[in-house]
Amino acid sequence: MTTPSPPTILLNLASAAGLIGAGLYYTGWVYRWAYFAYYQLGITSLDFPVESFLLLPLQVFFGTPQSIANTLIIALLIPILFQLSTLCLAFLHWQYQQWLTRLKNWQLKRQNQRNRRKIPYAPRPRFQRQLTLPLASELILLSWILLLIFHLARDQGLKDARRDAVNPTSTLPVVTLISAKELLILGKEAGDLDPNQPLFEALTPEDQQSLIGDPNLARIIQQRNLTDTEQDRVWRLLLERGGWLYLFRALPQDAPKTEHPVLLGVAKSSAGRQLLILSPEPVKSTK
């Protein structure tokens, strides 16, 4: 028995690392795609670094006891489904060979009727359990792995998005955004909260405003743009990416599962005319 040379070992390690990295990236991409799709955000519009996708599979596979159980179930299902699939493919291959044999015998019979000689029937192939096509076997195994991981990552992403959208279970920070008036047309005037102590002074007079879309949606946000714990109204920060702040009003605990929060995108100011305050929980009262 010969010992493999170091280049062969390194090549095998590099191939395994490449396959594992591709699988982790695929899992992380599906998870983020499902998570932000819940908030009506396309992942292709968010400039996440590639390496950030490699850590998300830890949340998918081992984040909660239920996710660990789902991972174990998938690990058991993959070999079972693979064996069933290869058996079905081998059976179809055997049926195909039988069909070819019947076709060949029919052609020989027709030729014998013309030449009037004995028909040399071709023997029918016997069914074998083992698959004779290694490429097809590998494609079947890869397809089952990708399909099951896709469903696992998608379901976990939607579940985590729903958890973060509901206020009592959300892990996202509560947000307070104070901005110059010309940068944010929605929101309360600082002087309306406390005329003697304005939170943020507008630098320029309010510009003429224009609107595209549903005016009722803007009115609803305008009337409910402050966090109020007594009315179960809390604003949270979903994401800060690409020069934009994505805010949403968290859903109450009794919200139906078909309800999704409305996402508000606010452009960040590059001139220091904004103040962003984050907190794990809303402040119920201040003196």
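**Entry 1. Elements and overall figures**

I take helices (H or I, at least four residues) and strands (E, at least two) as DSSP runs, numbered from the N terminus. The structure I examined is a predicted model. I first looked up the elements of the chain and found 6 helices and 5 strands. Read from the N terminus, their order is α-α-α-α-β-α-α-β-β-β-β.

I then noted the totals for the chain. Of its 287 residues, 30% are buried. The accessible surface amounts to about 19,800 Å², and carbon and sulfur atoms account for 60% of that surface. I also looked up how contacts are spread along the sequence: of those between residues at least 6 apart, 68% join residues at least 24 apart.

**Entry 2. The loop after helix 1**

I looked up Gln40 and placed it in the loop between helix 1 and helix 2. What is the sign of phi at Gln40, which is not a glycine? I find a positive phi of about 65°. For context, I note that most residues other than glycine have a negative phi. Is Gln40 buried or exposed? Its relative accessible area is 61%, and the cut-off for exposed is over 50%, so I record Gln40 as exposed.

**Entry 3. Aromatic pairs and the cluster**

I searched the whole structure for aromatic pairs and obtained 10. I examined Phe48 and Phe53, whose ring centres lie 6.3 Å apart; their planes stand at 85°, so I record the pair as edge-to-face. Phe48 has a relative accessible area of 15% and is buried. Phe53 is buried too, at 5% relative accessibility. I next looked up Phe61 and Phe62, which also make an edge-to-face pair, with 6.2 Å from centre to centre and 65° between the planes. Phe61 is buried, at a relative accessible area of 17%.

I asked which residues form one aromatic cluster with Phe48 and Phe53. The other members are Tyr25, Tyr31, Tyr35, Phe36, Tyr38, Tyr39 and Phe248. I then checked for a charge over these rings. Arg32 lies over the face of Phe48, 4.0 Å from the ring centre. Arg32 also lies over the face of Phe53, at 4.9 Å from that ring centre.

**Entry 4. Nonpolar cores**

In soluble globular proteins, nonpolar side chains tend to be buried together. I looked up the largest nonpolar core, which has 30 residues. Which of them touch the most other members? I list Tyr35, Phe36, Tyr39, Phe48, Leu238 and Leu239. At least two residues of this core come from each of helix 1 (6-38), helix 2 (56-62), helix 3 (65-115), helix 4 (134-165), strand 2 and strand 3.

I followed Leu238 further, setting aside neighbours within four places in sequence. Leu238 is in contact with Tyr35, Phe36, Tyr39, Leu41, Leu172, Tyr246, Phe248 and Leu263. A second core, separate and made of 9 residues, has Ile221, Trp235, Leu237 and Leu264 among its members.

**Entry 5. Strands 2, 3 and 4**

I traced the pairing of strand 2 (residues 235-241) with strand 3 (residues 244-249) and found it antiparallel, with 6 bridges. These two strands form a hairpin with 2 residues between them. Gly242, in the turn, has a positive phi of about 60°. Strand 3 is also antiparallel to strand 4 (residues 263-267), to which 5 bridges join it.

I looked up Tyr246 as a point shared by the two pairings. Tyr246, in strand 3, is the bridge partner of Leu239. Tyr246 also stands opposite Gly265 in strand 4.

**Entry 6. Two polar residues: Arg236 and Thr71**

I located Arg236 in strand 2. Is Arg236 buried or exposed? Its relative accessibility is 0%, and the cut-off for buried is under 20%, so I count Arg236 as buried. Which residues are in contact with Arg236, beyond its neighbours within four places in sequence? I find Asn167, Ser170, Leu172, Pro173, Val174, Val175, Tyr246, Leu247, Phe248, Ala250, Pro280 and Glu281. I also checked Arg236 against Leu278, which is 42 residues away along the chain; their C-alpha atoms are 8.5 Å apart.

I located Thr71 in helix 3. Thr71 has 17% relative accessibility and counts as buried. Apart from neighbours within four places in sequence, Thr71 is in contact with Val60, Phe61 and Leu152. I had already recorded Phe61 as buried in Entry 3.

How values were computed:
Residues numbered from 1 in each chain as written. Predicted model: local features only at pLDDT ≥ 70, side-chain atom pairs only at ≥ 80, totals over all residues. Heavy atoms only, no water. Phe/Tyr/Trp six-rings, centres within 6.5 Å; stacked < 30°, edge-to-face > 60°. Buried < 20%, exposed > 50% of the residue type's maximum accessible area, 1.4 Å probe, protein only. Lys NZ or Arg CZ within 6 Å of the ring centre and 35° of its normal. Contact = heavy atoms within 4.5 Å. Areas by Shrake-Rupley, 256 points an atom, 1.4 Å probe, with all protein chains shown as cover. Pairing = 2+ DSSP bridges. Core = buried A, V, L, I, M, F, W, Y, C linked by side-chain atoms within 4.5 Å.
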